[in-house]
Amino acid sequence: MQALWMVLAAFLFASMGVCVKIASAHFNSAELVCYRGLIGMAILWLLARSQKITLATQYPGMHAWRSLVGVVSLGAWFFAIAHLPLATAMTLNYMSSVWIAAFLVGGTLLAWRPSAAAPRPALQGPLVLTVLTGFVGVVLMLRPSLDQHQAFAGMIGLMSGLTAAFAYMQVVALSRLGEPESRTVFYFAVGSAVAGGGALLFTGLSDWPGWPALWLLPIGVLAAGGQLCMTRAYASAKTQRGTLVVANLQYSGIVFAALYSVLLFGDQLPPIAWLGMTLIVGSGIVATILRARAAPGTPAEEH
């Protein structure tokens with residue numbers, strides 16, 4: 001069942017991407033982030049109440065930092081979805097696992113101080129190879145498939161994966177302090193609503209489109225539903241092997257996004273871009289496995 005929960009979560013996140021792309025024709029990214037936050041706040045408040053979990057926290061600063069980097073990632077992802085093929089934007093966001101692997105390698109080397117008692121740490125060949133493979137995939141995906149008008153959006157999409165990795169590391173820290181995931185996601189929704197609303201002071205409000213505004217509702221509902229299904233998937237995985245299966249099945253979201261991209265939006269990616277996507281997915285899976293061995297029991301990633 002945990003596998004089915006994760007596949008359902010991936011489907012919901014990809015479906016949210018469809019709604020974001022359609023709504024982007026009527027709203028800017030700041031508005032989408034703000035409205036998603038407001039809807040998420042309502043859903044997570046009801047969830048926390050049903051679970052009898054208080055929303056008061058002893059770590060407001062950590063939640064504020066997690067919300068800040070999470071909102072930057074979310075806004076960058078929504079911008080990429082609006083200006084890139086959905087499959088491309090989704091894949092760049094899922095680069096977060098590769099970025100985390102890069103942080104592990106870089107952090108180990110930066111923490112080392114030369115001395116006789118502390119020999120140079122191992123080069124961690126599998127992690128290094130995983131990171132390099134992921135970035136080769138990025139080059140293959142972006143250079144041939146994006147024209148000069150989409151290149152900037154491609155860099156923003158890549159940044160969404162980078163900041164998602166920072167956000168995930170903060171979620172891990174909060175989890176180890178005993179913070180319930182519903183509380184963590186609630187404060188992320190609060191941060192999204194506040195930051196998105198603040199950004200509107202600079203971007204301005206779009207003209208209210210009427211009925212197309214209904215696309216805002218499923219963005220928040222599908223995001224919350226995807227997060228809940230992902231949480232249920234990890235909670236149902238009782239062994240490390242089961243957890244790895246669940247973690248790797250999150251990449252089925254890229255498959256759903258690719259199908260949506262081709263069937264709904266008529267996007268056409270060249271074969272070399274599909275090869276790049278495959279390399280990113282493969283490196284992400286390997287990075288997830290290596291990360292699970294280094295830090296078992298870490299919480300789910302959010303999208």
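In which helix does L142 lie? The points below start from that residue and work outward; the model is a predicted one.

1. L142 and its surroundings. L142 lies in helix α6, which covers residues 125-145. L142 has a relative accessible area of 8%, and because the limit for buried is under 20%, L142 counts as buried. Setting aside residues up to four places away in sequence, L142 touches T88, L92, G154 and M155. Of these, T88 and L92 are buried residues of α4. M277 is 135 residues away from L142 along the chain, yet the two C-alpha atoms are separated by 9.8 Å.

2. Helix α4. This helix runs over residues 86-93 and is mostly covered, with eight of its eight residues buried. The buried residues are L86, A87, T88, A89, M90, T91, L92 and N93. The list thus includes T88 and L92, both of which are touched by L142.

3. Overall architecture. The protein has 12 helices and zero strands. Its pattern along the sequence is accordingly α-α-α-α-α-α-α-α-α-α-α-α. The chain has 303 residues, and 51% of them count as buried. For contacts between residues at least 6 apart in sequence, 89% join residues at least 24 apart.

4. Packing of α1 on α3. Helix α1 (residues 2-23) packs with helix α3 (residues 60-83) at an angle of about 70 degrees, and the axes are 8 Å apart. The two helices are therefore roughly perpendicular to each other, and their crossing is right-handed. On the α1 side the contact is made by M16, G17, V20 and K21, and on the α3 side by W77, F78, I81 and A82. By class, these residues divide into six nonpolar, one polar and one charged.

5. Packing of α2 on α3. Helix α2 spans 29-50. Here the packing angle with α3 is about 125 degrees, with a distance of 9 Å between the axes. An angle of this kind makes α2 and α3 oblique to each other. The crossing of α2 and α3 is right-handed. S29, L32, V33 and R36 from α2 meet V71, L74, G75, F78 and F79 from α3. This contact has six nonpolar, two polar and one charged residues. F78 of α3 appears in this contact and also in the contact with α1.

6. The loop between α2 and α3. K52 is located in this loop. K52 is not a glycine but has a positive phi of about 60 degrees. Most residues other than glycine have a negative phi. The relative accessible area of K52 is 78%, and K52 is exposed.

7. The salt bridge. How many salt bridges does a search of the whole structure find? The search returns one. It joins the side chains of R183 and E179, with an N to O distance of 2.6 Å. Side chains of opposite charge can pair when their charged atoms come close. Both partners fall under the 20% limit for buried: R183 has a relative accessibility of 10%, and E179 has 9%.

8. Q170 in α7. Helix α7 covers residues 148-176, and Q170 is placed in it. Is Q170 buried or exposed? With a relative accessible area of 13%, Q170 is buried. Leaving out neighbours within four places in sequence, Q170 is in contact with M62, W65 and R66. The range of α3, residues 60-83, takes in these three contact partners of Q170.

9. S97 in α5. S97 is found in helix α5, residues 96-111. Its relative accessibility is 1%, so S97 counts as buried. S97 and V131 are 34 residues apart in sequence, while their C-alpha atoms are 9.3 Å apart in space. V131 falls within the residue range of α6, 125-145, the helix in which L142 lies.

Key:
Residues numbered from 1 in each chain as written. Predicted model: local features only at pLDDT ≥ 70, side-chain atom pairs only at ≥ 80, totals over all residues. Heavy atoms only, no water. Buried < 20%, exposed > 50% of the residue type's maximum accessible area, 1.4 Å probe, protein only. Helix = DSSP H or I, 4+ residues; strand = E, 2+ residues; numbered from the N terminus. Salt bridge = Lys/Arg side-chain N within 4 Å of Asp/Glu carboxyl O. Axes fitted to C-alpha atoms, helices over the stretch in contact; angles between N-to-C directions. Parallel < 35°, antiparallel > 145°, perpendicular 65-115°, else oblique. Left-handed = near helix turned anticlockwise from the far one by under 90°. Contact = heavy atoms within 4.5 Å. Nonpolar A, V, L, I, M, F, W, Y, C, P; charged D, E, K, R; others polar.
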